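Student: Hi! I've just opened this one up and would love a quick tour. Can we go through it together?
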Amino acid sequence: MSDCVDGDDVGNQGDCGGDVGNQGDSVDAKWFSSARNHVASAASRRTREERERKEEVDSQPGSRAAPTDPYRYRMDYPSLGTCLIINNKNFHRSTGMSFRNGTDVDAGTAMKTFSGLGYKVRVANDQTVRQMENLLLSVSQEDHSGCASFVCVLLSHGDEGVIYGTDGFVELKTLTGYFKGQRCPSLVAKPKLFFIQACRGTDLDGGIETDSVAEQSPERIPVEADFLYAYSTAPGYYSWRNTANGSWFMQGLCEMLQRHGTELELMQIMTRVNHKVATEFESSSNLPGYSDKKQIPCIVSMLTKDFYFPH
């Protein structure tokens with residue numbers, strides 16, 4: 001089967017806390033008799049023993065009072081969250097963009113993968129720019145207070161900094177901006193993951209031969225924090241899609257999430273995605289100069305903690 005690119009049309013197709021217990025009373029109290037001394041000492045021992053037992057219980061794994069890891073995102077919410085998939089396949093003639101064969105495979109695999117991880121998946125097909133904007137705005141205005149995270153998968157044509165609706169293009173920052181800061185307060189300090197299968201330019205990568213080898217007080221955080229943008233390709237380059245098996249990036253992403261999703265941290269998983277795409281794929285095209293090309297995904301992380309999918 002042939003490989004296509006997700007950008008402009010090329011040939012056949014284009015995709016471009018402190019201790020508050022006892023308060024030190026045993027130290028401040030006066031002892032008037034040996035009996036009083038004995039009673040006070042016994043009471044002090046009992047208090048200390050009770051506190052030690054309590055601390056022992058509180059430190060056990062799974063205890064409700066156990067402190068949380070400050071370097072790990074909480075996953076103990078009622079829901080893991082929403083996964084929104086926008087799958088654009090057919091484009092208006094005025095855009096000059098071609099039919100994206102293979103994208104339905106990507107959408108189906110992504111739906112299966114993120115459902116398996118525990119997300120509530122929604123799929124929207126062939127969205128115009130206005131529909132994409134309205135959809136993402138609507139989702140950002142929902143109450144995500146019971147959710148641990150948010151995922152968006154964008155499958156479309158694109159160029160650097162933009163992605164296509166069926167009738168034109170929109171800047172990616174417009175779509176992702178709906179989820180920043182006070183525009184989406186119920187997702188503040190929670191991971192927001194965007195996976196983007198689209199071209200980012202028209203350059204081709206010819207490759208090169210190589211030798212084998214706990215709750216806290218409120219705090220101010222940047223509005224750009226806790227986002228991850230996983231692009232299918234590096235800035236300026238084409239993104240390849242197989243007409244039968246789907247895009248290289250989505251194949252690698254879904255395979256690695258299914259294989260390692262419950263055991264590895266997200267950035268470890270994404271490194272494996274990079275490795276798979278970089279080493280296991282190479283283009284095969286009928287167009288002169290488009291065969292034997294390579295691709296490397298680009299992961300841009302503003303995450304502030306480790307992200308582990310729940311078991």
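Student: Let's start with D126. Is it buried or exposed?
Tutor: Happy to! This is a predicted model, and in it D126 has a relative accessible area of 28%, so it counts as partly exposed.

Student: Where does D126 sit?
Tutor: D126 is in the loop that links β3 (120–125) with α4 (129–140). Its phi is positive, about 45°, although D126 is not a glycine.

Student: Why is a positive phi worth pointing out?
Tutor: Because most residues other than glycine have a negative phi. D292 is another case: its phi is about 60°, and D292 is not a glycine either.

Student: And where is D292?
Tutor: Look in the loop between α7 and β12 (298–301). D292 is partly exposed, at 48% relative accessibility.

Student: Switching to helices: what angle do α6 and α7 make?
Tutor: Helix α6 (residues 248–260) packs against helix α7 (residues 266–280) at about 135°, and their axes are 9 Å apart. The two helices are therefore oblique to each other, and α6 crosses α7 in a right-handed sense.

Student: Which residues make that contact?
Tutor: From α6, they include W248, F249, L253 and M256, and from α7, I269, M270 and V273 are among them. By class, the contact has nine nonpolar, two polar and three charged residues.

Student: Last thing: what's the average pLDDT?
Tutor: The chain averages 84, and 77% of the residues score at least 70. Over residues 17–43, though, pLDDT stays under 50, and the model has 10 contacts beyond four places in sequence for that stretch. Residues 8–14 also stay under 50, with 30 such contacts.

How values were computed:
Residues are numbered from 1 along each chain as its sequence is written. This is a predicted model: local features need pLDDT of at least 70, side-chain atom pairs count only at pLDDT 80 or more; totals for chains, interfaces and linings use all residues. Side-chain values use heavy atoms; hydrogens and water are left out. Axes are lines fitted to C-alpha atoms, for helices over the stretch in contact, and angles run from 0 to 180 degrees between N-to-C directions. Helices (H or I, at least four residues) and strands (E, at least two) are DSSP runs, numbered from the N terminus. Angles under 35 degrees count as roughly parallel, over 145 as roughly antiparallel, 65 to 115 as roughly perpendicular and the rest as oblique. A crossing is left-handed if the near helix is turned anticlockwise from the far one by less than a right angle, and right-handed if clockwise. Contact means heavy atoms within 4.5 Å. Ala, Val, Leu, Ile, Met, Phe, Trp, Tyr, Cys and Pro count as nonpolar, Asp, Glu, Lys and Arg as charged, and the others, Gly among them, as polar. pLDDT is the predictor's confidence in each residue, from 0 to 100. Buried means under 20% relative accessible area, exposed over 50%, partly exposed in between (1.4 Å probe, protein chains only).
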